[in-house]
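User: Could you take a close look at one part of this model for me? I'd like to hear about the smaller-scale packing, in plain bench talk.

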Amino acid sequence: MAVEERLRLGTQLTETLARITEEAAGLLAVEGAGLRLVDGDELVRVATWGPVGGVMARERLRIGESLSGQVAASGQPLILAHTDADPSHDPVYRAMAEQHGFRSWLGVPLRDRERVVGVLVMQSRTEQRFGAADVRLLEAFAGQAAVAIENARLFERERERRRQLEAVREVTLRLAGEMELAPLLELISRLVSELLRVESVAVYLWDETAATLVPRGWHGYPDWLRELRIGPGEGVAGTVAQRRAGLIVDDYRSTPYAHPAVLERAEPRAVIGEPLLYEGELRGVITASIQEPDRKFDEQDRQLLALFAAQAVIAIEHARLHGEAREAVRVRDEFLSVAAHELKTPVTSLLGFAQMLLRQFDRQRSPDERLIRRALQAIEQQSRRLSRLVTELLDLSRLEGGRLVLDRELTDLASLVESVVASLGDSASGHTLVVRASLQVRAPVDPLRLEQVLTNLLDNAIKYSPDGGRIEVELSQPSPETARLAVRDHGIGIPPELRQRIFDRYYQAHSNDHLSGMGLGLYISRQIAELHGGSIRAEFPPDGGSCFILDLPAGSGDTAPSRRAKATR
Amino acid sequence: VSAEAHILVVDDDATIRDLIEIVLSAEGYAVRTAQHGAAALELVAQSRPNLILLDMQMPILDGWGFARVYRQQPGPHAPIVVLTAARDAAARAAEIQADGYLGKPFNLGELLDLVGQHAHPR
């Protein structure tokens with residue numbers, strides 16, 4: 001059984017070899033026959049026929065050893081007229097032949113084109129049994145036998161491939177039921193370990209922004225793998241990612257693919273890696289490794305892994321989309337909860353101050369005029385705040401539906417800045433506002449929308465400088481085509497890891513700090529800037545705080561036609 | 001009316017702080033206000049309130065953080081009534097084992113009832 005496994009002999013091939021041996025024995029009317037095939041630098045006994053199974057005592061012979069070995073080495077037929085004449089002087093053969101009464105011997109090579117692939121052996125109890133005619137007959141038969149063996153091998157290979165496809169199809173079905181990414185990647189690792197019969201499997205996903213492979217699912221690895229990060233070209237996984245092609249490394253520890261972190265903690269002998277490609281894009285890498293010293297990966301393993309990887313990446317993509325959709329719903333829910341909270345806050349004051357006024361009039365002969373004024377001020381202020389929140393919600397809805405339309409007119413930006421700053425009133429009482437807007441810059445903008453953006457930037461600057469401090473507003477013209485508005489604060493700033501998302505819808509960098517707002521301001525501001533054909537970006541000066549820079553096309557008196565917001569989804 | 005009862009109002013919204021302060025002062029309560037949990041901790045260190053009206057979502061130190069630190073301090077502790085615009089005021093109150101809760105927006109009558117119920121001068 002071990003031999004058959006080594007030579008990849010399936011039942012089909014084993015039967016073919018037995019039949020060839022038996023037919024050859026019948027053809028030459030001998031009492032014993034056998035067949036050996038070449039395996040590396042050895043001959044392996046694969047079939048015998050006869051009352052004592054011929055005289056093939058040993059399963060393996062080196063090429064050149066004993067009679068069959070000499071035939072394989074020379075590529076020439078060999079006739080032995082009687083036992084004593086054995087040119088190889090093989091004592092084992094001699095003892096066996098004498099014990100079973102075999103007297104003469106004939107062996108011919110089996111060839112696949114020029115290459116010797118085996119030896120067909122005939123044994124007779126008659127001395128001087130074989131002549132030139134027997135050699136020619138057996139050689140002709142051996143020629144046909146070699147073709148039959150090759151066909152059987154091809155058939156076996158095809159059947160093995162179909163078996164692999166079947167195995168892959170079977171495990172693929174098990175992938176389809178898992179929509180959660182983390183358990184899916186673990187399942188993939190486990191299935192690969194079953195498919196390739198290996199101990200350790202790791203699934204890395206490609207992190208586009210960090211340009212590294214991150215292990216996200218594994219089987220047979222201890223937890224240190226979690227911390228491993230692999231750049232393109234590093235180790236087996238990194239090389240597979242870079243080449244976008246599978247790789248087999250036989251003697252892992254002595255190759256340049258050996259990763260120091262892996263060498264330190266594990267003892268892989270052979271490693272195989274296959275990229276996870278989705279529509280040509282790299283999504284990750286699967287690697288599997290063997291610790292047993294005797295096993296190696298071969299091309300068949302690689303094909304099997306490639307077949308599986310092609311299916312696995314589809315399942316990964318589905319899980320990712322599923323996760324994204326669920327995240328979108330979660331973000332929406334979260335937003336609704338934040339929005340409700342934000343709306344309830346001014347309503348609390350409106351209701352409270354209105355009820356306070358009613359109590360004043362109900363209870364007291366002469367209501368306190370100072371309190372009435374205070375209540376009405378609060379009601380006015382909070383009504384505006386509520387109205388602003390509702391406007392933001394409507395803007396969001398308009399932007400998403402592509403219905404936000406600009407009403408442009410040639411506007412003097414300096415006076416626009418002045419009027420926005422003036423309207424801030426009490427909210428900036430703890431801050432020092434420095435306005436540099438002496439420049440005469442006119443731009444075709446929607447003045448109300450631009451006021452909205454600038455108000456939002458200033459509100460943020462105030463809100464995120466809770467301890468007061470200087471806030472600078474500057475109007476400049478870096479080029480004749482561009483008008484620039486910059487709002488700089490010296491407040492708490494934004495942590496580097498959160499900066500990328502501040503212009504996202506619903507996103508609040510400081511949501512954990514419970515500073516108020518719905519997370520819509522910068523998103524809406526960016527959309528408005530872009531509708532104007534401009535842009536908005538944030539800079540974070542080394543001495544703290546943030547600087548938001550709004551660039552708008554300045555210029556000519558020609559009012560560009562209003563552009564409609566394009567749908568964001 | 002508990003004339004001498006001392007109420008601490010903790011809320012990050014200035015208008016709501018004003019509202020509660022005006023209403024409770026008119027009823028004869030002594031009111032102090034803080035705009036977040038950290039400022040409130042400073043106030044409770046100076047003088048012991050008889051009742052704390054606590055918003056939950058605040059910058060610097062939120063309602064959860066305040067309640068945790070306050071309860072770790074040596075007693076006696078004033079009852080805490082949660083005032084929140086969160087979806088589930090009762091659940092928020094339960095999280096910090098508050099003595100009562102009121103969802104925003106609230107009626108002044110309800111506020112005064114709750115305060116009357118929990119604010120007992122010592």
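What follows is a walk around chain B, starting from helix 5 of chain B.

Analyst: Keep in mind that this is a predicted model. Let's get our bearings on chain B before zooming in. Chain B has 5 helices and 5 strands, and along the sequence they follow the pattern β-α-β-α-β-α-β-α-β-α. Of its 122 residues, 57% count as buried. If you take the contacts in chain B with a separation of 6 or more, 63% of them are between residues 24 or more positions apart.

Now for helix 5 of chain B, which covers residues 108–118. Its buried residues are B:Leu108, B:Leu111, B:Leu112, B:Leu114, B:Val115 and B:His118. Looking down the axis of helix 5 of chain B, you'd find these buried residues within an arc of 165 degrees, so they line one face of the helix. The general rule behind such a pattern is that an α-helix has 3.6 residues a turn, so residues three or four places apart point the same way. Over on the other side of helix 5 of chain B, B:Asp113 and B:Gln117 are exposed.

What does the buried face of helix 5 of chain B pack against? Within chain B, the partners are strand 1, helix 1 (14–26), strand 3 (51–54), strand 4 (80–84) and strand 5 (100–103). Chain A is in on it too, through helix 9 (299–363).

Two of those partners deserve a closer look. Take strand 1 of chain B, where B:His6 sits in the stretch of residues 6–10. Is B:His6 buried or exposed? B:His6 has a relative accessible area of 13%, and because the cut-off for buried is under 20%, B:His6 counts as buried. Leaving out residues up to four places away in sequence, B:His6 touches B:Ala30 and B:Arg32, plus a run made up of B:Ser47, B:Arg48, B:Pro49, B:Asn50 and B:Leu51. B:Leu51 falls in strand 3 of chain B, another partner of helix 5 of chain B.

Next, helix 9 of chain A, which also packs against helix 1 of chain B. As general background, two packed helices are described by the angle between their axes and the distance between the axes. For helix 9 of chain A and helix 1 of chain B, the angle is about 25 degrees and the axes are 9 Å apart. That makes helix 9 of chain A roughly parallel to helix 1 of chain B, and the crossing is left-handed. On the chain A side, the contact is made by A:Thr345, A:Thr348, A:Ser349, A:Gly352, A:Phe353 and A:Met356 of helix 9. Facing them from helix 1 of chain B are B:Thr15, B:Ile16, B:Asp18, B:Leu19, B:Ile22 and B:Val23. Sorted by class, the residues of this contact are 6 nonpolar, 5 polar and 1 charged.

Chain B has a helix pair of its own worth setting beside that one. Helix 2 of chain B (residues 37–46) and helix 3 of chain B (residues 63–72) have axes that come within 9 Å and cross at roughly 25 degrees. Helix 2 of chain B is therefore roughly parallel to helix 3 of chain B. The crossing here is right-handed. Helix 2 of chain B brings B:Gly37, B:Ala40, B:Leu41 and B:Val44 to the contact, and helix 3 of chain B brings B:Phe66, B:Val69 and B:Tyr70. The residues of the contact divide into 6 nonpolar, 1 polar and no charged.

Finally, a quick look across at chain A, the chain that supplies helix 9. Chain A comes to 13 helices and 18 strands, and buried residues make up 47% of its 569 residues. Helix 12 of chain A (residues 447–463) and helix 13 of chain A (residues 521–531) make another packed pair, with axes that come within 10 Å and cross at roughly 145 degrees. Helix 12 of chain A passes helix 13 of chain A in a left-handed crossing. Among the residues that meet there are A:Val453 and A:Leu457 in helix 12 of chain A, and A:Leu522 and A:Ile528 in helix 13 of chain A. That contact divides into 5 nonpolar, 5 polar and 1 charged.

Note on methods:
Residues numbered from 1 in each chain as written. Chains lettered and ligands numbered in written order. Predicted model: local features only at pLDDT ≥ 70, side-chain atom pairs only at ≥ 80, totals over all residues. Heavy atoms only, no water. Helix = DSSP H or I, 4+ residues; strand = E, 2+ residues; numbered from the N terminus. Buried < 20%, exposed > 50% of the residue type's maximum accessible area, 1.4 Å probe, protein only. Contact = heavy atoms within 4.5 Å. Arc of directions from axis to C-beta. Axes fitted to C-alpha atoms, helices over the stretch in contact; angles between N-to-C directions. Parallel < 35°, antiparallel > 145°, perpendicular 65-115°, else oblique. Left-handed = near helix turned anticlockwise from the far one by under 90°. Nonpolar A, V, L, I, M, F, W, Y, C, P; charged D, E, K, R; others polar.
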